[in-house]
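Hi,

Here is the structure I promised to send over. Have a look at it first, and then read my notes underneath.

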Amino acid sequence: MRVPLLLAPLLAPLALGLGLLAGSLPARAAGLVYVLNSGEATIQVLDADSQAEKSRIRVLREVHHLALTPDGKTLLVGDSGANEMLFINPGTGELLKREPLSNPYHMGFSPDGRFLVITSLRRDQVDVYNWDGKALTLATRFDLPDMPSHLAYSPDGKVVYVTLQGNGLVVAISLETMQPLWKTEVGPEPAGIIWQDGKLLVGVMGSDHVAVLNPETQAVERRITVGRGAHALFPSPKGDVLYVTSRVDSRITLLDPRSLDIVRVLDVPGGPDCISFDPQGRLWVTLRWKGRIALVDPQKGVLETRRVGRSPHGILYSAAAPAEPLTN
């Protein structure tokens with residue numbers, strides 16, 4: 001079922017004004033939304049309720065991706081162009097510190113929280129850092145041409161899988177032996193990758209599909225056509241749907257997580273890229289080609305869009321820190 005969303009920004013104010021028939025939209029929860037503007041070296045911190053800008057963190061060059069620490073208390077943002085990692089309090093937007101770190105592009109903590117793996121798109125390297133809850137220390141570095149992009153872990157945390165955009169491969173790396181295990185071809189310019197029910201799902205950005213890769217046999221068992229520029233995949237918080245962004249055809253495809261069949265297609269103009277979810281199940285989406293973000297209700301469509309900085313990439317909804325109690 002395809003849902004056109006071109007008119008949704010025009011219809012949204014009316015729908016919101018009418019309360020969507022006596023409150024079919026849930027009440028909004030307090031929160032902050034972090035938008036990484038890769039084209040203008042800023043991190044915007046927005047109020048999730050009003051979408052008003054609360055603050056703007058200046059970075060040196062080019063921010064793309066982010067990750068929460070396992071305890072959820074610190075947000076890490078990589079400035080890949082400046083070789084710097086920023087540490088931010090996700091509940092307040094306070095910049096805690098900045099540390100030099102080699103070309104952090106995409107990143108993610110292992111399921112057990114022991115490691116942070118970082119891909120370096122420009123330097124053809126993948127770095128594995130130890131994480132002790134406070135600091136990062138480099139454990140090992142892999143030279144992996146060509147253009148390491150996104151990563152995913154096996155559920156037991158023993159293996160990390162990395163897409164290589166430049167040569168169309170996925171590489172598996174053991175975090176037990178710190179050695180590469182295998183490489184296999186999946187298609188041109190693979191980008192986003194996730195683990196789903198024993199398979200690896202890979203967005204093939206240089207084509208129009210998601211490759212379903214069996215990590216046991218290293219064979220692509222299926223290709224799911226979702227649209228040109230198939231980029232990244234995001235499981236819903238409840239695990240009942242998978243969202244796939246296609247930047248060239250400007251759409252978000254909803255997949256059934258068990259059958260991997262297409263359930264619905266949402267047309268979202270502007271090059272949808274990264275997605276974060278709020279407690280109401282709405283999608284906060286960066287629109288890479290328009291310098292905007294979209295707020296998408298999967299049932300109602302795009303409620304509103306907001307201008308942000310140039311080339312927004314990573315995005316995160318975070319619950320706001322509770323207000324300090326008033327004292328006499």
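Below is what I found, going strand by strand.

One thing to keep in mind as you read: this is a predicted model.

Let's start with strand β26, which covers residues 283–287. Are its residues buried or exposed? Five of the five are buried, so the strand is largely enclosed by the rest of the structure. The cut-off behind that word is under 20% relative accessible area. In a regular strand, side chains alternate between the two faces of the sheet. In β26, L283, V285 and L287 point one way, while W284 and T286 point the other way. Both sets are buried, as all five of these residues are.

β26 has a partner in β25 (residues 272–277), and the two run antiparallel, joined by four bridges. If you want a spot to find that pairing on screen, look for I275, which sits opposite V285 of β26. β25 and β26 make a hairpin with five residues between them, and G281 in that turn has a positive phi of about 85°.

β26 also pairs with β27 (residues 292–297), again in the antiparallel sense, this time over five bridges. Here L287 has R292 of β27 as its bridge partner. This hairpin has four residues between the strands, and G291 takes a positive phi near 65°.

Next, a histidine. H150 lies in strand β13, residues 148–153. Its relative accessibility is 5%, so H150 counts as buried. What does the side chain of H150 have a polar contact with? With the side chain of S149, at 2.7 Å. Leaving out residues up to four places away in sequence, H150 touches a list of residues that includes the histidines H65, H106 and H231. Y105, T119, Y161, V162, T163, A191, G192 and I193 are also among the residues it touches.

Last, there is an open sheet of four strands, in the order β17-β18-β19-β20, with antiparallel pairing. Which strands stand at the edges? They are β17 (190–196) and β20 (219–225); each has a single partner strand, so one side of each is left without a neighbour in the sheet. From one strand to the next, the twist averages 25°. Within this sheet, β19 (residues 209–214) and β20 run antiparallel and are joined by six bridges. L213 stands opposite V220 of β20, if you'd like a pair to look for.

Shout if anything is unclear.

Cheers

Notes
Residues numbered from 1 in each chain as written. Predicted model: local features only at pLDDT ≥ 70, side-chain atom pairs only at ≥ 80, totals over all residues. Heavy atoms only, no water. Buried < 20%, exposed > 50% of the residue type's maximum accessible area, 1.4 Å probe, protein only. Pairing = 2+ DSSP bridges. Polar contact = N/O pair within 3.5 Å; in protein donor to acceptor, adjacent residues only side chain to side chain. Contact = heavy atoms within 4.5 Å. Axes fitted to C-alpha atoms, helices over the stretch in contact; angles between N-to-C directions.
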